[in-house]
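Dear colleague,

Here is the structure I promised to pass on to you. Please have it open while you read the notes underneath.

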Amino acid sequence: MGRDELCITVPSLFHCPISLDVMNSPVSLCTGVTYDRSSIQHWLESGHDTCPATMQVLSSKDFVPNLTLRRLISLWTSSTSSPSPADLKEKVMVWMEEINNAKFERCLDSIVEFVSRGEVNRRFLASFDGFLETIVGVLSVNGMQIRVLESVIRILSLIVLENGVINEKLQKLIFKSYPNSNCLPSFISILRNGSLESKMACFTVLESVTTDNESKQFIAGVENNFLPVIIHLIKIDNDDQELHDVVLSFLIAVSVTRSIKSQLVQLGIVEALSNIMSSQNAAISVVEKSLKMLSIVCTCADGRSALSSDQKCAGAVVKRLMKVSKTATEDAVVVLWSMCCLFRDETVVEKVVSSNGVTKVLLVMQSEVREGNVRRMCGELIKVLRLGCKNGGGFSGVVSYETKTTHIMPC
């Protein structure tokens, strides 16, 4: 890695228009243009009587020092000067030694500042032999101070943005070393007691490393007590829509098996999603992901039972039809069709009918110009809901209804 790769961009004002280098002694001509003293002297001594930048004829060849610009360049140079690769390597080794000796405070702050400066610095640290092992090792220490953990997660969240190779290595360090070391308690500690920024950083790291079924099942393991902490975050009645957004994205990603879905339902996710969709303050992306999550959990028996027994969930789903996004409407139709047509839940049919569901589903059906799964599901929903209306609450017609849409099956 060359030295210039570790430098940040030089402000254009600091470049000499002649040499294009950073000026050591900036001076100004009568035209108001500033040059480095050595460059403009050479220009004038070569017989020129014009300003190199404007090509104006000079009324005077005298120039005056630009002391203000000189001070700015001096301040910028002292604050952004980049170490040589050898110096940088030595600095990283010192950081690693301080971490291994539990001297966290200053070195972690310095590392956070370093990785925040740009992707070149992040790649350098991520590829530095032994650095990731050292920094992840902090997460496996029991009883670590929350401030230390937050700094480590902040560093990792910036590093994982770079490339997949790093993420694979990090995944092995976080998950594959179990039970010799377990990092999840540190993540849990931050999610319980950390700042909003740190919680967001946690999910950035977790999403980047939870990429296969093995890691997802490890995260969802009952013995890790991880999912209850995550569900609690979306149960809290607050305005942290960004946090709700990343939590739901993560839950959608890890809900790959029946056991995980059932565990989420037992932890109260249906009620939490129902509350989110019923809230007028919920962000569009949060509602969209809530409907996606509902469409996932209603494929398992526990999820269908929870949705059926929830007093406001079905009505909230109907209310969101055509009011969020096309994707959200499609997921809402999937939820209603699954409960009313595929699983013939009479309680949900009654709630959908009482929430003006027939009219809303008809509108969705009319908006689907092309024949497709959504249009077919809407058609089947209309038949079931009209039967429910005719039976005045008995819903005996629902039992005899046969659906021809079979692309969504229970797990």
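The notes below go from the whole chain to its cores, and then to two helices.

The model is a predicted one, in which local features need pLDDT of at least 70 and side-chain atom pairs count only at pLDDT 80 or more, while totals for chains, interfaces and linings use all residues. Residues are numbered from 1 along each chain as its sequence is written, and side-chain values use heavy atoms, with hydrogens and water left out.

The protein chain holds 23 helices and 3 strands (DSSP runs numbered from the N terminus, H or I of at least four residues for helices and E of at least two for strands). Of its 411 residues, 49% count as buried, meaning under 20% relative accessible area with a 1.4 Å probe, protein chains only. Among the contacts (heavy atoms within 4.5 Å) in the protein chain with a separation of 6 or more, 69% are between residues 24 or more positions apart.

In soluble globular proteins, nonpolar side chains tend to be buried together. The largest nonpolar core here (a set of buried Ala, Val, Leu, Ile, Met, Phe, Trp, Tyr and Cys residues joined through side-chain atoms within 4.5 Å) has 116 residues, and F187 and I269 are those with the most contacts inside it. Helix α19, residues 326-342, gives the most to this core, with 10 residues. Leaving aside neighbours within four places in sequence, F187 is in contact with L139, I153, I174, C202, V205, L206 and F226. Another core, of 15 residues, lies apart from the one that holds F187, and its members include L29, L58, L69 and I73.

Turning to helix α20, residues 346-354, the buried residues are V348, V349, K351 and V352. These four lie on the same side of α20, because they cover an arc of only 165 degrees around the axis, taken from the directions from the helix axis to the C-beta atoms. At the start of α20, a side-chain oxygen of D345 comes to within 3.0 Å of the backbone nitrogen of T347, and the helix is followed by N356, whose phi is positive, near 65 degrees.

The last residue to look at is D245, which sits in helix α13, residues 241-254, and counts as buried because its relative accessibility is 15%. The side chain of D245 makes a polar contact (a pair of N or O atoms within 3.5 Å, where one must be able to donate a hydrogen and the other to accept it, and residues adjacent in sequence count only if both atoms are side-chain atoms) with the side chain of K289, at 2.5 Å. Not counting residues up to four places away in sequence, D245 touches S285, V286 and K289.

With best wishes

Conventions. Buried means under 20% relative accessible area, exposed over 50%, partly exposed in between (1.4 Å probe, protein chains only).
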